[in-house]
Amino acid sequence: MNISLYTSDSAVKAFDKKVGVIANNVANIQSEDFKKSRAIIQEDMSNQGVQVNISKVNTPGPQVSEYNDGKIMDIELSNVEIAEETTQSIAAERGYQANLKMITTADDMLGTSIDIIR
């Protein structure tokens with residue numbers, strides 16, 4: 001496969017994983033003691049593609065006090081911030097779009113090359 005197609009294909013898959021991580025964070029925004037994850041997209045030097053490293057962010061969430069059975073209990077909420085997840089999703093969407101455009105352009109160029117050879 002053409003190296004530019006391979007690189008763009010691996011990037012599209014990486015951005016897909018990143019969007020999945022963001023969706024999981026948003027889905028658990030109301031879960032007590034949930035720790036968000038981050039998907040970091042990096043260059044993969046071994047095969048000239050892109051790889052994703054997913055890691056937990058262990059910063060504490062906000063603390064609230066809850067009255068339960070005559071006792072006051074401190075509860076840690078999720079450390080997910082919707083504003084941060086929104087900006088992360090916009091960046092992932094733009095990266096996804098750019099790589100899809102690259103695949104489309106490479107496909108058009110390959111089709112033109114085949115037409116010239118015929």
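**Salt bridges in close-up**

**View A. Glutamate 93 counts as partly exposed, at 38% relative accessibility.** Here buried means under 20% relative accessible area, exposed over 50%, and partly exposed in between (1.4 Å probe, protein chains only). This is a predicted model: local features need pLDDT of at least 70, side-chain atom pairs count only at pLDDT 80 or more, and totals for chains, interfaces and linings use all residues. Residues are numbered from 1 along each chain as its sequence is written, and side-chain values use heavy atoms, leaving out hydrogens and water. Glutamate 93 pairs with arginine 94 in a salt bridge (a side-chain nitrogen of Lys or Arg within 4 Å of a carboxyl oxygen of Asp or Glu). Their closest N and O atoms are 3.5 Å apart. Arginine 94 is also partly exposed, at 47%.

**View B. Salt bridges that share partners form one network.** Its members are Lys36, Arg38, Glu84 and Glu85. By the salt-bridge rule, the count comes to 6.

**View C. Arginine 38 meets glutamate 85 in a salt bridge.** The closest N and O atoms are 2.6 Å apart. Arginine 38 lies in strand E1 (residues 37–44) and glutamate 85 in helix H2 (residues 82–117), so the pair ties together parts 47 residues apart in sequence. Helices (H or I, at least four residues) and strands (E, at least two) are DSSP runs, numbered from the N terminus. Both arginine 38 and glutamate 85 are buried.

**View D. Lysine 13 and aspartate 9 form a salt bridge within helix H1.** The closest N and O atoms are 3.2 Å apart. Helix H1 spans residues 3–27. The two residues sit 4 apart, about one turn of the helix. Lysine 13 is exposed, at 52%. Aspartate 9 is partly exposed, at 25%.
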